[in-house]
Amino acid sequence: MKNNPLPRLDIAPEVREQILPHCRLQSGETWVDLQGKHKVACLDATDKHAVDALLNQSQAQLAIADPPYNLIAFQETGVEDFISWCKRWIGNSIGVMHTNGSLYVWLGADQNNGFQPLPDFMIMMRDSSLKPRSFITMRNQRGYGTQKNWMAVRQELLYYTKGNPTFNIEAEYTDIPKILRGYYKQVGGTLMENTERGKSENIRAGNVWVDVQQVFYRMEENVSGCYAQKPLKCIERIIRASSNTDDLIIDFFAHSGTTLLAAEILNRRCFTADIDPVFCEITIRRLERYRNLRKLGWQNGHPFEPELGVSIFDSSIGDAHYQPLLQNDLFTNGKTTSGT
Ligand SMILES: C[S@@+](CC[C@H](N)C(=O)[O-])C[C@H]1O[C@@H](n2cnc3c(N)ncnc32)[C@H](O)[C@@H]1O
């Protein structure tokens, strides 16, 4: 079997150097989809002028944000600076949201450092014009921790609304069968068990998601080189619940392009961006690959094979070396100690 992964591209300068000449976008540039649906921009999410130019008066019904939250880049300045950085891109996002729109933000809590920045972010958001609506927890299969603590397997997702946006949760069922019995209720004179009254054999999606498989290198949707890829399934769930066909979705932290791909699959439009030209290129290529081959990612390969060939990296290093680190793993400064 082919085994041709890329190392983590944010920390592999020699590989980045080979890739950068093949990236279509440089800072300040935008790729416009010939089919007229999507855009990908290389911009800084805190740059209001750049964000407004990308939107060009359009308004987004749904904003999804998955910023870097490991704080490694911010350690010298601390959580206050991280929060004021968040304020800037949150303000830019709210500024281009539709009067009836939804905002979802992925963020973490560092248990080794006062659980920041999640609570700080939540408090900061009280001063925004958005209404807090839900605090969702998604379970990862692989976690981190020590033998003297509970294994950390959670990813946190905050849901806020502006005005009165779409919410199609009625149709949103998990893959989890109804194995537990519910309470009884009188319906039309008959005493019915809770599970009998639901439409599906499966349970409805709530604010704890345990049915989403974390992306790892053997999955078709895997994009090697990316260190913080979100599973398509959870982004699709957000999109189905909080937007309608042809709605516009924004995501200014594109990385592997998951939101763009999910928007394409679900017939929405997406304007996405990343500050790094390498991740902008990966995002565009992921969409093109899906359109050409119906593939979701590069299982056992990588997005730059046409230029870099198939054997430039030492596969003798082994699979484990290339497993994408989660943002949560980064809280430990790379000292990941265990996993499921
Ligand atoms: C956690 S990743 C997003 C993962 C994405 N949801 C996915 O599924 O692939 C964060 C991304 O934000 C980008 N980024 C960091 N700072 C940024 C900024 N100021 N503006 C835009 N993008 C930024 C990074 O380059 C990185 O690709």
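The following legends describe close-up views of a predicted model.

**View 1. The open sheet and its edges.** The sheet is open and consists of 9 strands with mixed pairing, arranged in the order β1-β2-β15-β14-β3-β4-β8-β7-β13. Strands β1 (30-32) and β13 (208-209) stand at the edges; each has a single partner strand, so one side of each is left without a neighbour in the sheet.

**View 2. The pairing of β4 with β8.** Strand β4, comprising residues 97-107, runs antiparallel to strand β8, comprising residues 152-162. The two strands are joined by 7 bridges. L107 has E156 of β8 as its bridge partner.

**View 3. Helices packed on the sheet.** Helix α3 (residues 78-95) lies across β3 (60-65), β4, β8 and β14 (248-251), and its direction is at about 150° to β4. Helix α6 (residues 232-242) also packs on the sheet, where it touches β3, β4, β7 (131-144), β13 and β14. The direction of α6 makes about 155° with that of β3.

**View 4. The largest nonpolar core.** This core contains 72 residues, of which I249 and A273 touch the most other members. When neighbours within four places in sequence are left aside, the contacts of A273 are V40, A41, C42, L43, A45, L54, F252 and A254.

**View 5. The surroundings of the ligand.** There are 21 residues around the ligand, and D66, F253, H255, S256 and T258 come nearest. By residue class, the shell around the ligand comprises 10 nonpolar, 6 polar and 5 charged residues.

Conventions
Residues are numbered from 1 along each chain as its sequence is written. This is a predicted model: local features need pLDDT of at least 70, side-chain atom pairs count only at pLDDT 80 or more; totals for chains, interfaces and linings use all residues. A residue is near a molecule or strand if its C-beta atom, placed from the backbone, lies within 6 Å of it. Ala, Val, Leu, Ile, Met, Phe, Trp, Tyr, Cys and Pro count as nonpolar, Asp, Glu, Lys and Arg as charged, and the others, Gly among them, as polar. A nonpolar core is a set of buried Ala, Val, Leu, Ile, Met, Phe, Trp, Tyr and Cys residues joined through C-beta atoms within 7 Å. A residue is buried if 20 or more other C-beta atoms lie within 10 Å of its own, exposed if 12 or fewer, and partly exposed in between; C-beta atoms are placed from the backbone. Two residues are in contact if their C-beta atoms, placed from the backbone, lie within 7 Å. Two strands pair if DSSP finds at least two bridges between them. Helices (H or I, at least four residues) and strands (E, at least two) are DSSP runs, numbered from the N terminus. Axes are lines fitted to C-alpha atoms, for helices over the stretch in contact, and angles run from 0 to 180 degrees between N-to-C directions.
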